[in-house]
Amino acid sequence: MDIVFTEEQEMMRKMVREFAQEEIAPFVERMEQGEFPREILRKMGELGLMGIPVPEEYGGSGMDFTSYIIAINELSRVSATVGVILSVHTSVGTYPILYFGTEEQKQKYVPRLAGGEYLGAFCLTEPGAGSDAGSLKTKAVKEGDFYRLNGSKVFITNGGEADTYIVFASTNPAEGSKGVSAFIVEKETPGFLIGKDEHKMGLHGSRTVQLSFEDALVPAENLLGKEGEGFKIAMANLDSGRIGIAAQSLGIAEAALQHAAAYARERHQFGKPIAAQQGIAFKLADMATNVEAARLLTYQAAFLRNKGASCGKEASMAKLFSSKTAMEVSTEAIQVYGGYGYTKDYPAERFFRDAKVCEIYEGTSEIQRIVISKHLAKMNS
Ligand code: CAA
């Protein structure tokens, strides 16, 4: 497959790269101290970055999926925090409404999300239902014009900051994953409570919270799709989401490589740059090769998604490999920096801390292997 970007896609890359350097890089330290990048998101909204692949008729930029992936890739080279906020907002916070919503739901929510007025979140994971997402316990009981929701969610990215939440709850527990339904829940819904903000290893500027529903009454008109379709809605949108996380991982890996290579050219030991010593030169060569492979897998999945082709297997492969690459390359980057890499004076330790969660959220690496194996089994049957 040739990776040839269109002129429009290249313009997106250039624009986001400049924006990240000018607007986000100076803010990284504040995010490291835990500040949510609200002002950056506002500027991204003005530039049309909060709704890149959303059609113009719904207030988006009307660009293709690959352009959106390019944006996450570029943002994550500077800040993986901003990368994941955008990925969750778009792939799993906006797409479910765009693809499964009624015309009224789309008109009401999508333009606000795509324009950056609203931030989106996705609430699938529960204390007892992580990888086994279909076993979720949050319940939704229909009562007249409302559904009464009770239960709790954990590890919700953008939680507390978001305005709309795609919430998965069981309307028919006897049916297991086939009894799961999806709802659009607004932040101000009475009985919808924002809980503990997790103190994380990395991605310090991104919010990850616990949520609970205590007799939260959600209007019946906010049911997304039909009752029982929720699990498929979650899975279908996670296909796109996983390409977003692959792009985020790729951005981290590219940044780690770039910084490590630059340092290796400057740092002299034994009378020459360490980049000219074979131990480090080979390390950089392996890092660069893995980054290139991650790039190919990520953009292959994006191109397939762009064409409307099935991309579940490729999305999982891209996420599996790119997240592994981000972890390996950021680990090796610290090694290239030596003792300095272990300090906060250089960004390598941030890349390392930010990379780890890419192997965990939107499906662990083990889950990606399950998804890939299931596709292979279908191909062989
Ligand atoms: N698209 C559409 N439908 C799909 C699908 C997809 N990609 N994948 C599965 N389905 C459908 C299946 O066809 C099946 O329906 P039928 O029986 O009618 O054919 C139904 O969903 C159930 O599928 P499975 O039998 O494969 O389901 P399972 O219970 O065995 O689970 C799983 C499969 C892949 C393990 C799934 O549970 C999973 O992906 N787990 C990981 C959960 C996850 O990724 N969580 C991330 C949370 S969000 C997040 O992390 C965001 C963030 O903060 C960054």
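How far apart do the C-alpha centres of domain 2 and domain 3 lie? The distance between these C-alpha centres is 30 Å. The contact takes 16 residues from domain 2 and 10 residues from domain 3, where two residues are in contact if their C-beta atoms, placed from the backbone, lie within 7 Å. On the side of domain 2 that touches domain 3 there are 8 nonpolar, 6 polar and 2 charged residues. Here Ala, Val, Leu, Ile, Met, Phe, Trp, Tyr, Cys and Pro count as nonpolar, Asp, Glu, Lys and Arg as charged, and the others, Gly among them, as polar.

The structure is a predicted model, in which local features need pLDDT of at least 70, side-chain atom pairs count only at pLDDT 80 or more, and totals for chains, interfaces and linings use all residues. Residues are numbered from 1 along each chain as its sequence is written.

**Domains and annotations**

The domain assignment gives domain 1 (7-119), domain 2 (121-230) and domain 3 (231-379); such bounds come from an automatic or database domain assignment. UniProt, in an unreviewed entry, annotates residues 6-117 as "domain: Acyl-CoA dehydrogenase/oxidase N-terminal". The same kind of record places "domain: Acyl-CoA oxidase/dehydrogenase middle" (unreviewed entry) at residues 121-215, and "domain: Acyl-CoA dehydrogenase/oxidase C-terminal" (unreviewed entry) at residues 228-376. UniProt positions are given in the numbering used here, feature names are shortened, and annotations may be inferred rather than shown by experiment.

| Span | End C-alpha distance | Helix | Strand |
|---|---|---|---|
| residues 6-117 | 29 Å | 70% | 0% |
| residues 121-215 | 20 Å | 0% | 51% |
| residues 228-376 | 27 Å | 77% | 3% |

Helices (H or I, at least four residues) and strands (E, at least two) are DSSP runs, numbered from the N terminus.

**Shell around the ligand**

The ligand is surrounded by 24 residues, the closest being Gly-134, Thr-157, Met-235, Tyr-361 and Gly-363; a residue is near a molecule if its C-beta atom, placed from the backbone, lies within 6 Å of it. Two or more shell residues come from each of α5 (80-92), β3 (146-157), α8 (230-266) and α12 (365-380). Helix α8 gives the most, with 6 residues. By class, the shell holds 14 nonpolar, 7 polar and 3 charged residues. Domain 2 and domain 3 each supply at least three residues to the shell.

**Packing of α4 and α9**

Helix α4 (residues 65-78) packs with helix α9 (residues 278-307) at an angle of about 150°, and their axes are 8 Å apart. Angles over 145 degrees count as roughly antiparallel, so α4 is roughly antiparallel to α9. Axes are lines fitted to C-alpha atoms, for helices over the stretch in contact, and angles run from 0 to 180 degrees between N-to-C directions. From α4, Phe-65, Thr-66 and Ile-69 meet Thr-298, Tyr-299, Ala-302, Phe-303, Arg-305 and Asn-306 of α9. The residues of this contact divide into 5 nonpolar, 3 polar and 1 charged.

Definitions and conventions: Angles under 35 degrees count as roughly parallel, over 145 as roughly antiparallel, 65 to 115 as roughly perpendicular and the rest as oblique.
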